[in-house]
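Visitor: Please take a close look at a single part of this model, and then show me how its surroundings are arranged.

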Amino acid sequence: MSWDWRPEGILRGGCSVDADHYVPERAAPAVRVPAPVVQSAQLPRWGQLSYASFDPGHGARGGWQAKEQSGELLEQELAVLQSRIVTQFDPVTPASDFPGLAEIAAMPRRFTYIRSELGQAHYWHSVMAGMDTTGRPGNVFSHVLVDREPSAKKPAFRPIQWWDSPDLLRPFGMDQVMAAQLPVFSGGAFVPGLDAQSVQDFLFTPGAWRAGLLAVLLDAVAAAMAGGPGVVLVVDSVESGAQWTAAVSFLSSPHYAHQLNFSLFERAGSLQTVFARGVHLVCVPRADAPLLATEAELMILDESETPNMGDVGGQPHTTAAGSRIKATYWGTLAQDAVASRETAQEAMAELDFISARLGDTGDDPEWPLALTAIRKPHIFSDAAAEAIVVLKQSAPESLRQDPELLGETLHAINASGSVHAEDAWKELFNGKSSPLVRETLVQTYLERALTDVQWLERPGSVELPEDYRADANTPTLQVLAHEAVLRLRTRLAERSSREAVLTAPSVLDFVASCELVDLKADAHSELADATEEILERVVGAVIDFDDEAQALVEANGPLRCAVVREKLLECVARTGRFEQSPAGQRMPSVFREWLFPSVPRHAVAQELDRQTKTLDPMTVEVALWRCENGMGGQDGARVAAAIGLFGSYAGTQIPGQLAHAIFHNSPQWAGHELWAVESRRPFELRGDLFYSALLEEQWTPALSELSVLVRRRGLQDITPLEAELADLRRAAEELGIDQNSLAHSWTEGAPAAVQDMARMFLNTLDRALATWGRPLVSPSVTALMVVAAVIALGSQEPYGPWSDALKQQLSSVRAVGDPGIARALVRCVESQILTREDAEHLGRVALINQPKFPDRAGVSEAFMAGITVPMGSTAVPVLEVPLRTVLGADPQYDMDAGAKITLEFLQDRLYKEPFDSERQREKALNEREKLFRTWWRQICLSSGLFPAEPERPAILESFKSIKSALWKDR
C-alpha cells in the first residue's frame, strides 16, 4: 500500500487542508473559522496542539482528533490551526510495511511557516506515524504551534530554526503517538534545530560552490515578498531545502525572516494553490522537476544548477528553467559575505548584532546587510559602493533610536558624497530614499552649500529642497550658516567681485529661510549688524543705476525670507535717491516688482489708521505700485497713493501715468476713501471723483462728513459742481423728504426763496447729468428732484429751458414708492410755496399729460406724465397732488369757477393749434371737454367735495352753461 502524501494549500494566515486533494474520511474534521477576536494580553506567548488518528480508550470516540493542547488556545486560534492540518502524505518513495529506525528517520517531514495577517506566526510540523489504533496504515502526527508575539526582540530567532528541533514531536507507531506529550517552554526558549553554524557547514560543503545560487535565491525571495511571483526551489532532500531556506534567513534579520512564508516540502500538483494562499518560498523534490515546465509564471531554481548571473540595473539572472530574476544588492552583498567560511561567520554575527539592537529592520532585506558591510569594510571591500546605495535608498525608523548606528550610517553616506554642493544637490534626486536618509541627504547638501562659495554666487536663488524641515537642523549647520554670513561681509568689504555683490541677498535669504540663523537685531546683534552692512553695500552699488538694479534682481530671483526683504527696503529708504526723489521715482522700478509683492496687504491700511497728514514714503511707494497693477481699490492703496502724490507734487503737475493709475484705472471711489484724502489734502482731488459717492452711495455718517468737507469747496469764488452736489445730497437726506414734513427751511421760508432753491437744485442736477453722463440712482436725490420739478413747473415764474438730460431723467421716473413726496407737496401748498393758482395750473398740466388726452404732440411738459406717488391709500400722478390738496382743504371751493378756468385753458390751447375746419376744431374741443369732465369728477370725488354717487344734474348743467358761454364769447 502506498502512502498518499499530498500537501495542502495556504489559506489566510496559515496552512490548510485542501479538500480537493484529500479523501474526506482521512481529512481533519471540517471546521468553520470564526471571525478573529482581540487576543487577551494575559495569554502566554506560545500555544500548541497535537493532532493524529487514535483511540483514547475508556469508551471515547476514536479517529482523527486533537490529542493535546497547551497555551490556552482560543476557539478562533484552534479552528484556524486544525483547518490546516495534513492527514495524508504523498512521499516520493513509498515506505515499507515494516520500516526500520533508519528508514523512519529518513521519512519526509512537512514543515510550514506562515505569518498571519493578524500578526501571529503559525507553524505546522507533520510526520508519518505508521498505523493507528485500528491497524490502518497512513496515520499522520502533526505538532502545531502559534507564536502570539513574533515581533518580540528576545529571544532573537528565525522561524526556520524550529526545523529539526528536538522539541518538535515526531512519533512513529501507535505506542509513541499515545505517549507523545507537548513540550513545556516559555518565552520562546525552545531548542533550535538549525543555527548559523549549520548554515555555514552547508554553504561551505567541500566540493560545492553555492554562493551564486544563493545570490539568485535571495533576489528571487526579495521579489516574491515584494508582491512578485512565488519561488520554487528543486532540492534533493527536505534537509537540503531547509538549509537553503536557513541561508536566506540568516542573511537577513530575524524581523525580515519572520515575514518569509515557506514550506519545505510540497508537490508540483499543488503549487498554484500553495502560492495563491500566501507562501513565498516552496521546496519540491527533484522527482517533480519535470512537472514544473507548466509553471512558467513562477520563479524556478534548482539547487544543482549554476545560474547565469545578472547585474543590478542590467541583465537579470537567468535560471536553467528559464526564469528571469531581477538582480538586487542583497544578492551582490551576500556574495561578498559568503566568500569564505570566516567572512560568512563574521558577517552573520554582525548582522545579528545590528538586528538585536534595532529589532524592526524594515521591509528591505538588503539594508541590514548593507550596514554590516559598512561596519565590516574588510569583508565587503568590493561592494562598498553598493552598500552606500542601499543605505541611501532605505533605512528603518528604528535607526533613529540608536544614535551610534545612526551616526555610522549618516557618516558613511556623507563620506561617499562629493565636497561640492552641486553634486550633493543632484544626489537628492538620484533614486529613491527613505525619509530618514532623505533628511541626511538634505543636511549634507546644506553643509556643502554653506561652504561652497561658487554655489552660493550662482545666479538665481540658492536652492532649498521642498521637503526641507528646519527641526532636523544640527548645531554644525548653524555654525556654518553663521560663518557664511560673516564671510560674506568680509568678501564685500574687500570688494572681492561683482558676483559677490549681486548674489549677496540670495545668500542671506538662503541661510534665513533655512532657519539656521536669525538676522533680526533682537536675536543676534552681530549677525544683524553684518546683514545690515552687507545689504547697504549691495543697495548702494545699484540704487542709482537701473541696469545694475536689474542685474541684481536677476541674480537673486524671488526672496523667500521676509526679514531679508524688510531689511533691503530699509536700506533703500536710507539712500539719497529715495529721500530726494518724488513719489513713484524713488527707486528702480524693478525693485518695486521684486520686493513689493510680499509686503503684507494690511501694511497700507495700518499706515492710514494713524490719521496723520503725511504718510510713510515707503508705504506710499507700495500703494502706488498696487495702483499701477490694478489693486488700487484694495486696503486703502489708492488713498495712500493719492495722499502721497499730493504731498510729493505739491504745486506741480502729477505725472499722467500715475494720475491715471490712481484715479482712472480703478473702480469708482467710495465716500470713505474720498473723505480720507480730502481731510488730509483739501481741494486737491478732482471734483468729478465725488459725483458717484454723492449721488449714488447710501447715506452714512461718513458720507455726511464728506459732504461737509466738499461744501467748503463752495467758499471759493466759483462754486464747483461737487460743492453744489454736496448741498443737493444733504438736502435730499436732511430736508425730510421721506419724513412727515419738510424741514423748516422749506416750509417756513419765503415762497420765492424756496422756489429759487428748487430751481437751483434742478440747475445743479442738470449740470451733474451733463458732466457725469449717466442717470441718477439715488432714491433720495430722485425724490428731491421730483419735488423741485413740481415746484418749478407750478411757479409763476416758469423754469426753463428744460434740458434734454433733465427731461430724460424725469421721464425715467415712474411709480415712486416714497410717500414723502406727496407729503412734501402738501406742505408746499399749506405754506403757500404753491398757491391755489399754482395748484390749478399743475392740475391743467396733469390733464393734458393724460395718456388719453387727444393730440398730445404739442405738450411740452409730457416728461412729468408718468410719475405717480402714494397719496393716502392710492397712487396718483404727482402733478395732481397740489390740486387734490387744494380741493380737499377747502369745502367751499367753487367747482364751477375751477372748471371754467380749465375749459378756457383748453379752448385757448385749441385755438393756438391749426385745424382744417371749424368743425374739426369743435370736435376736438368736445373730445377734450369729455375727458376733462371725467377727470374733474374723479378729482372732486377723491378730494371729498361731494359723495360718490351718480353724476348730479347740477354738475351736468354747470358744464353745459360754461360751455355755452364760452362758445358765445367766441
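Guide: Strand β9 (residues 262-263) and strand β10 (residues 281-285) run parallel and are joined by 2 bridges, and one of the partnerships puts F262 opposite L281 of β10. Two strands are taken to pair if DSSP finds at least two bridges between them, and the elements themselves are DSSP runs numbered from the N terminus, helices being H or I over at least four residues and strands E over at least two. This is a predicted model, in which local features need pLDDT of at least 70 and side-chain atom pairs count only at pLDDT 80 or more, whereas totals for chains, interfaces and linings use all residues. Residues are numbered from 1 along each chain as its sequence is written, and side-chain values use heavy atoms, with hydrogens and water left out.

The pair β9 and β10 belongs to an open sheet of 9 strands with mixed pairing, in the order β4-β3-β7-β6-β5-β9-β10-β8-β11. At the edges stand β4 (63-70) and β11 (299-302), each of which has a single partner strand, so one side of each is left without a neighbour in the sheet. In general, strands of a sheet pair through backbone hydrogen bonds, either parallel or antiparallel.

Elsewhere in the order, β7 (residues 139-147) takes part in two antiparallel pairings that can be followed residue by residue. Strand β3 (residues 46-54) runs antiparallel to β7 and is joined to it by 6 bridges, with G47 partnered by V146 of β7. Strand β6 (residues 121-130) also pairs with β7 in the antiparallel sense, over 9 bridges, and here M128 has V140 of β7 as its bridge partner. As 9 of the 9 residues of β7 are buried, the strand is largely enclosed by the rest of the structure; buried means under 20% relative accessible area and exposed over 50%, with partly exposed in between, for a 1.4 Å probe and protein chains only. N139, F141, H143, L145 and D147 point one way from β7, while V140, S142, V144 and V146 point the other way, and all are buried. In the loop between β7 and α3 (174-179) is D164, a residue other than glycine with a positive phi of about 65 degrees. D164 counts as partly exposed because its relative accessibility is 29%.

Two helices lie across parts of the sheet. Helix α5 (residues 211-225) lies across β8 (231-235), β10 and β11, and runs at about 160 degrees to β11. Helix α6 (residues 238-250) lies across β5 (109-115), β8, β9 and β10, at about 135 degrees to β8. For these angles, axes are lines fitted to C-alpha atoms, for helices over the stretch in contact, and the values run from 0 to 180 degrees between N-to-C directions; contact means heavy atoms within 4.5 Å.

Helix α5 also has a part in the largest pocket, which holds about 500 Å³ of space. Of the 23 lining residues, A222, T328, D364, E366 and K432 are the closest to the pocket centre. The elements giving two or more residues to this lining are α5, α7 (254-257) and α9 (329-337), and α5 gives the most, with 4 residues. A pocket here is an open set of points, on a 1 Å grid over the protein atoms alone, where a 1.4 Å probe fits, with protein on both sides within 12 Å along at least five of seven lines, and lining residues have an atom within 4 Å of a point. Grid points are joined across faces, edges and corners, and the volume is the space filled by probe spheres set on the points.

Turning to the nonpolar packing, the largest core has 254 residues, of which W162, Y445, F510, F591, W802, M864 and V878 touch the most other members. Helix α34 (residues 779-794) gives the most to this core, with 12 residues. Apart from this core lies another, of 29 residues, including W64, A95, I114 and F275. A nonpolar core is a set of buried Ala, Val, Leu, Ile, Met, Phe, Trp, Tyr and Cys residues joined through side-chain atoms within 4.5 Å.

For the protein as a whole, the secondary structure comes to 41 helices and 15 strands, and buried residues make up 54% of the 970 residues.
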